[in-house]
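Thanks for making the time this morning. I would like to walk through one structure for those who have not met it before, and I will go part by part.

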Amino acid sequence: MILEQLRAKAIELDSADNLSDCKEWYVFPKDDKGNNNTLYFTGNSLGLLPKSSRVMVEEELDAWARLAVDGHFHKERPWVTYHQNIAADLAEIIGAKETEVCAMNTLTVNLHFLMVSFYKPTKERFKILLDEHAFPSDIYAAQSQAAFHGFDPDEAVVFLKAKEGNWCIDDEDIERCFVEHGSQLSTVMMSAVNFKTGQFFPVEKITALAKKYGGAQQEIKVGIDLAHAAGNVPLRLHDWGVDYAAGCTYKYLNGGPGSIAFAYVHDDLAKDTSIHRFAGWWGNDPKARFAMTDTFVPLPTAEGWQVSNAPILSMAPLVGSLKHFTDVGMDTLRAKSESLSSFLIECIDTVEAATPIQLFEIVTPRNVDERGCQVTLNIFEKPEAVRKALQDAGAVTDFRPPGLIRVAPTPMYNSHMDCFRFAEILASVLI
Ligand SMILES: Cc1ncc(COP(=O)(O)O)c(C=O)c1O
């Protein structure tokens, strides 16, 4: 068989993998016959349930039953400060200071709240820069923010585009975009990793260009959507000078469906408590929170953007999940992720080489520094039928129009053998 020589390589790579036991921390879905040998490649959409998360949720349900309102103050992890249990872990994962991160709300909600503070359009500078193929919710958020300030969304929302015929951008595209829009940009609000192509953008370079074009007054704020980046790729938000960011936790971070999101605000900005925001009592200085006064005293940290009291049952799974990330460490995870995605590409290329005519292309950059763990295939004919056939054969992937199938081997619970088996299934479906 065309792939046979890669089976031995998968075995060899897996035997050198010191994270191979981590998959025991997770619960795999069962197939129709009750077997849980599913090849799960959709950790980029909804991560698997960590066993530790179930324990954490049960702990909070028990506390609620035993303590009721006293649970806010009198327990091991009091509910009034519960959000702080995950700030340090999130900060480590995204390369921020603990004071720069706050778990709160959901992703698009956070993008809106942050844009209230950091998108301050003027007649001269009113544009919002997004990545081409940005997630629709981000586009709607940007459009509605522009319209809210009285600007035409079609003019105000601009995209960092690849050259005609390309899926992914390069340095030249970035430079060209800033030359064209730099003097009119008010904020960048783009993904770190694009949800369709899987491209990991050079956030540091983009931030530096925004600072250059924003001039001495730093008139361009840099906001980043971390949905597909957090827990997936190495991030240094603070050192790169990113101004604000938001991310969800239900993908790579395995927080559960619709789990709590988070916001990041650079210390230099968070310290400035005069920055306009939509306020709520949980952004108030804790000393004043229960004094029930009429005056809002924002915390000089990302917590100053928190509005409501923390949704404990949405956060509890994450307390369990994030510990695995900090125990393993992002550098170790990334090393395995690079190995997995490179091997997956090698396997897929081998299938491609054996097809009589070209049936698909790999859309994700081949340069390992420009991708996370997701590898996206553009299937030319009947992509949905191909995805269904993959699923029926035990490989869970997903489909995004026009013809994209996303395959995300995550380093926490996928192996090189999973990648090999995916390629075997792909070959059986296509050839
Ligand atoms: C890049 C990106 N932005 C925004 C969203 C929307 O997230 P939410 O529904 O949590 O607001 C998603 C969801 O998958 C996403 O991938």
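In helix H3, which covers residues 84-94, the buried residues are Ile86, Ala87, Asp89, Leu90, Ala91, Ile93 and Ile94, and I should say at once that what you see is a predicted model. Those buried residues of H3 pack against strand E4 (101-103), helix H9 (237-240), strand E10, helix H12 (312-328) and helix H13. Directly after H3 comes Gly95, whose phi is positive, at about 70°.

Since H12 has just come up among the partners of H3, let me pause on one of its residues, Lys323, which is found in that helix. Is Lys323 buried or exposed? The answer lies in between, because Lys323 has 18 other C-beta atoms within 10 Å and therefore counts as partly exposed, given that a residue needs 20 or more to be called buried and 12 or fewer to be called exposed. For a sense of distance, take Lys323 and Gly150, which are 173 residues apart along the chain and whose C-alpha atoms are separated by 44 Å.

Let me move to helix H4, residues 107-118. With 12 residues at 1.5 Å a residue, H4 should span 16 Å, and its end C-alpha atoms are indeed 16 Å apart, so the expected and computed values agree. The buried residues of H4 are Leu107, Asn110, Leu111, Phe113, Leu114, Met115, Ser117 and Phe118. In general, an α-helix has 3.6 residues a turn, so residues three or four places apart point the same way. As for what covers the buried residues of H4, the list includes helix H5 (136-148) together with the strands E7 (185-191), E8 (221-225), E9 (244-247) and E10 (262-265).

H4 also brings us to the ligand, because H4 and H5 each supply at least two residues of the shell around the ligand. Which residues surround the ligand? They are Thr106, Leu107, Thr108, Phe135, Ser137, Asp138, Ser191, Phe195, Asp225, Ala227, His228 and Cys248. Sorted by class, that shell has 5 nonpolar, 5 polar and 2 charged residues.

Stepping back to the whole chain, the domain assignment gives domain 1 as 4-37 + 329-430 and domain 2 as 81-309 + 318-328. The C-alpha centres of the two domains lie 30 Å apart, and 22 residues of domain 1 are in contact with 18 residues of domain 2. On the side of domain 1 that touches domain 2, the elements giving two or more residues are helix H13 (330-354) and strand E12 (375-379), and H13 gives the most, with 4 residues. By class, this side of domain 1 has 11 nonpolar, 7 polar and 4 charged residues.

Finally, E12 leads us to strand E15, residues 404-407, since E12 and E15 pair in the antiparallel sense over 4 bridges, and Val375 stands opposite Val407 in E15. Strand E14, residues 398-400, is joined to E15 by 3 bridges, also running antiparallel, and within that pairing the bridge partner of Phe399 is Ile405 in E15. A hairpin connects E14 to E15 through 3 residues. E15 is covered on both faces, with Leu404 and Arg406 buried on one side and Ile405 and Val407 buried on the other.

How values were computed:
Residues numbered from 1 in each chain as written. Predicted model: local features only at pLDDT ≥ 70, side-chain atom pairs only at ≥ 80, totals over all residues. Expected span 1.5 Å × (residues − 1). Contact = placed C-beta atoms within 7 Å. Domains from an automatic or database assignment. Nonpolar A, V, L, I, M, F, W, Y, C, P; charged D, E, K, R; others polar. Near = placed C-beta within 6 Å. Pairing = 2+ DSSP bridges.
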